Number of protein chains: 4
Amino acid sequence: MIKVGVVGGTGYTGVELLRLLAAHPQAALQVITSRADAGTPVSQMFPSLRGYVDLAFTHPDDAKLEQCDLVFFATPHGIAMQQTRALLDAGVKVVDLSADFRLRDIAAWEKWYGMSHTSPDLVAEAVYGLPEVNREQIKTARLVANPGCYPTAVQLGFIPLLEAGVIATDSLIADAKSGVSGAGRKAEMNSLFAEASDSFKAYGVKGHRHLPEIRQGLAKVRGTEVGLTFVPHLTPMIRGIHATLYGRLTQDVDLQALFEQRYANEFFVDVMPPGSLPETRSVRGANHCRIAVHRPQGGDTVVVLSVIDNLVKGAAGQAVQNMNIMFGLPEVTALNNVPLLP
Amino acid sequence: MIKVGVVGGTGYTGVELLRLLAAHPQAALQVITSRADAGTPVSQMFPSLRGYVDLAFTHPDDAKLEQCDLVFFATPHGIAMQQTRALLDAGVKVVDLSADFRLRDIAAWEKWYGMSHTSPDLVAEAVYGLPEVNREQIKTARLVANPGCYPTAVQLGFIPLLEAGVIATDSLIADAKSGVSGAGRKAEMNSLFAEASDSFKAYGVKGHRHLPEIRQGLAKVRGTEVGLTFVPHLTPMIRGIHATLYGRLTQDVDLQALFEQRYANEFFVDVMPPGSLPETRSVRGANHCRIAVHRPQGGDTVVVLSVIDNLVKGAAGQAVQNMNIMFGLPEVTALNNVPLLP
Amino acid sequence: MIKVGVVGGTGYTGVELLRLLAAHPQAALQVITSRADAGTPVSQMFPSLRGYVDLAFTHPDDAKLEQCDLVFFATPHGIAMQQTRALLDAGVKVVDLSADFRLRDIAAWEKWYGMSHTSPDLVAEAVYGLPEVNREQIKTARLVANPGCYPTAVQLGFIPLLEAGVIATDSLIADAKSGVSGAGRKAEMNSLFAEASDSFKAYGVKGHRHLPEIRQGLAKVRGTEVGLTFVPHLTPMIRGIHATLYGRLTQDVDLQALFEQRYANEFFVDVMPPGSLPETRSVRGANHCRIAVHRPQGGDTVVVLSVIDNLVKGAAGQAVQNMNIMFGLPEVTALNNVPLLP
Amino acid sequence: MIKVGVVGGTGYTGVELLRLLAAHPQAALQVITSRADAGTPVSQMFPSLRGYVDLAFTHPDDAKLEQCDLVFFATPHGIAMQQTRALLDAGVKVVDLSADFRLRDIAAWEKWYGMSHTSPDLVAEAVYGLPEVNREQIKTARLVANPGCYPTAVQLGFIPLLEAGVIATDSLIADAKSGVSGAGRKAEMNSLFAEASDSFKAYGVKGHRHLPEIRQGLAKVRGTEVGLTFVPHLTPMIRGIHATLYGRLTQDVDLQALFEQRYANEFFVDVMPPGSLPETRSVRGANHCRIAVHRPQGGDTVVVLSVIDNLVKGAAGQAVQNMNIMFGLPEVTALNNVPLLP
């Protein structure tokens, strides 16, 4: 059994991690930390876990995380970068669901996240945890930077096109829509039901923190910088991201075959039949990404539709997928549940 | 492996059965019938099942259901009563999720469902599939009448009080609220998003088909007729039933202890701590019923709050629970998944 | 023109008051106060008001409310009781949308609201602003205590039965369901979209602040204390209250005629035809209360269904209705807009 | 008073027309037709209209529409083109909310709508009812083709850029999101609450009927054909369209000033301050279009955000606006109500 610790278990990615880990046959949940809620039974905060998780939240100072085999950070940005080194030194593997180790460019990270980075060397060591790109490196990684939700949906949609070099790289557009859980479990006015329900809006048009992460990932697979306009939107649903991606084709190509071949061996990436229109609910609660590729009216604009559950493939599920890879387990362990529809 | 057939797989209880059965280690899904959609791959209609269910819908005439060990009917009322006898004769066990075998009083059934009953003798044989009441009979049953969604939530909430004889039986009130999936997967005006969203209403106040079923169940546990007012409401959510139950106490009693003792050995009935306020989402996608019992201001009115997922404990999950019991499997097989929250 | 001030304009009742007042031909909005947002244009916080309200929020210290003819308090509890005396002394009329002047029993108020009352004598003077009961006193009132949302829906439903003396008064039940805007525009975890959406729950079962207000109102129309169980619920919609009321008939009576006669002259109370099932959306954005009365299966339990928009008839609309009455205007002024459906 | 008839009053655009016309001081609603619901009081189908609309639906054969001054068609496509000529001959003006007279290219219309056009000459006469472009022609028109919902939101967002000639015209992208009422009041599976709620999807990617309408409108203002990719999406809300528009700038320009100048005299088009992020709810129930223009990271991609209420500015409100213009009334008559927020 893998002894697992979770730092920061009171947010949505935290409770989702617990949901998945509770069903994991090789993971033994040892400790879940929370500074504010130490002592509170986890299932009191999340009654959905009654009968499945018997732990109470532990204060970080009492957590003995170094006795774990793996620690997940489901914390706000700026925490993992301070605590990871000690864990690695103690032989503990780390999967960080926050953004602390995602951007290779430290200056860029510091600009977008508004703080100094305390562990640039660990950024250099960290493996970006998108298994469909970095599976081999993840296998031997001590530290995995789990991708953001938008970056996962957007990269998986653009990768086949960029790897094949069939679209112009100067004018990519990613018009993305997220459910409200993406804003986290924080008492903020904008996320109130009476504010976010029955309405739709864009946000972060000036610049969203996931923009440099997406650009970095796309540049890596293409081998050159890409020009990307990224507009995220808030849509009145709980879970789910729908990315609508636009690129200009530079050559004729069988798009369907291109996508099917790229993901032929990826259990979690489902290239749907031609003409499909994936719905976010078709992946609700599951680690799948469903993708459809279109070429409207046969023009030179390719449109890719990519959906994930932002809390699963966009966060906790991908983190467990990375854990499975890091420990040599079948990659689908605890992740092959059927999505919840309706 | 239990060879399983599903008759009528295109509704919400059908797809939910498939979701649960796909993860069942002892069930082998043989056939799913649909008259209208014969030939269509199941996963084309429900993309959430892509990679999990490879069958196509089979026309009922070609289904060879008699080769199954168990057949689930997830059909409109009036179908199972016609087809069950032949299956039983062929040695196939049957769990009927429709109402065909629920009411012992044939005349009452015919009045509420507006048709003649073709198999009254099977009604006499059928076991009402509420395991918390009839577990022993279910073990040896050939034919189980799976309870309705409202009846499950309401009966589980009232049973401890009626069995203990601590409330007046002449004036029970069940004020129940259901998500819209309870109306089924039918193209009806009232169930449109633009009709049912952001609004709340009662329906069936004159009389709802689940009223006689609830009355029958409560009368059985109490040993006498009960007076019940049942008002169902439609609430803008997909899944979930919340029953708010009111009774007049006739004696002083430790309500919390009464409920805890009654359900001490029931994995799927969770009596929550005093003062709890169960949310429907705390059972989303799972077979649990969560119950809290209150005595507001210490008066003589007891208030029971009972929540289930109408498609799971209120339909497909309870059906699988019954299957597990009928075949001697651990009752929780394929049913101990953590609810999906948020 | 009536010079109008609004104290506390940043909550949902505040913005709703502004929406209604902006269309009021006899009201001139002079000042809207906010301590935290002084200086901010109102339409910056609420873009729906762009082009309709040109004021900025004024700091309370600069508000010169004494120059108004009428001041609305749309503040948290405990503010109006401190500021009202000075306004009344200056000849300004006051409509308080908070609970400060609703309960005649000062001790009860202090218990439920957890603070000492600073102006018990004004409580004695204040008129409870339910026009369907107190229209005559409102006409000459200096100070009106605007009713709570639940109390409005519940009282209007029970009043005909209690005035006529046709139900037992010891065991009334009010099972009420509210949209999330009823919780106010406050950054609280429970009101987040990802918490309150796609779920349903009861709250305040032990005791809700509106319980004593309802009891007081019902006792007044009946002339004796009443026994009431009140269970409020949170339903995933923005606006609307649906009260399902239960009483035990003590005599045979033509319920439909009773209700129709009671409200024959009330423009804002719509007694619907027999068998009706009012939806909250049928009053969305409007000052109407729609009521249907049922006697299920001809038994001795009467069921009343009563719906309002909690922000209009349950708050800002009723406040404007009271203003109209206090100033001798047609009662429907600025309030006869068609509800928004769908 | 203008004598007004409405053909097809049972859909969402129909009931919205009635809501607006009921408050119109110069419009006298004479007749509302419905073949299927003739004889039914309008307010029985739409209780929101109780007390405001006393008419019953009239069978088309009995409608005497030729006695009206103006007839609105709120019918499915293919009806207005058959009935308009007789009305015009009788001196009745017509505003058609369906698509029958929107496309100048008859062949294109017949291809997209799958039927032969019976009145091509009337198409030639009809004025496209986008007042911000065609106000002068609308003043004297006998027949107005009311624009579609997507075309309204998209055109108003692109027009300033195209008129000024500051973006490339070969690669416009319109990523649009609509509430579910856009699908109409039809009992269709895809529009069920349990299908459309808590999910998000694209549709019509291959080609949507509004595509040629948008292209025609943009080509007209630009004076040349434009290349447009249009991807509509379904979002779980009742009302509202949010269009996110992308264009490639061909010259440097003060975008904010460009938009403000273009719409300086348009009451219903609100160019918001720089950096704004319009929400659909900020126009709920109102005839406004709110627009914000962005240039993310100072690049050469311009992003325009444009929101309308699909049933108001996208249908019934714009129709009343056109009526006001055709009859020389102030354009805002019955349309200057404050949007409903929250």
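Which residue of chain D comes closest to the rotation axis? Among the residues of chain D, Pro236(D) does, with its C-alpha at 3.1 Å. The structure is a predicted model, in which local features need pLDDT of at least 70, side-chain atom pairs count only at pLDDT 80 or more, and totals for chains, interfaces and linings use all residues. Residues are numbered from 1 along each chain as its sequence is written, while chains are lettered from A and ligands numbered from 1 in the order in which they are written.

**Chains A and D**

Two copies of a chain are related by a rotation about an axis and a shift along it. Chain D is superposed on chain A by a rotation of 180° with 0.0 Å of shift along the axis, at an RMSD of 0.0 Å; the fit is by least squares on the C-alpha atoms of residues with pLDDT of at least 70 in both copies. This is the relation of a two-fold axis. Because 100% of the interface residues of chain D are also interface residues in chain A, the copies meet through the same surface.

**Chains B and C**

Between these chains, 40 residues of chain B are in contact with 40 residues of chain C; contact means that C-beta atoms, placed from the backbone, lie within 7 Å. β10(B) gives the largest share of the side of chain B that touches chain C, namely four residues. By class, that side has 17 nonpolar, 14 polar and nine charged residues. Nonpolar covers Ala, Val, Leu, Ile, Met, Phe, Trp, Tyr, Cys and Pro, charged covers Asp, Glu, Lys and Arg, and the others, Gly among them, are polar.

**The sheet of chain B**

Helices (H or I, at least four residues) and strands (E, at least two) are DSSP runs, numbered from the N terminus. In chain B an open sheet of seven strands has the order β8-β9-β7-β10-β13-β12-β11, with mixed pairing; strands pair if DSSP finds at least two bridges between them. β8 and β11 of chain B stand at the edges with a single partner strand each, so one side of each has no neighbour in the sheet. β11(B) pairs with β12(B) in the parallel sense over three bridges, and Val269(B) stands opposite Cys289(B).

Two helices pack on this sheet. Their angles run from 0 to 180 degrees between N-to-C directions, with axes fitted to C-alpha atoms, for helices over the stretch in contact.

| Helix | Residues | Strands touched | Angle |
|---|---|---|---|
| α7(B) | 149-164 | β7, β9, β10, β11, β12 and β13 of chain B | about 35° with β10(B) |
| α9(B) | 210-222 | β7 and β9 of chain B | about 135° with β9(B) |
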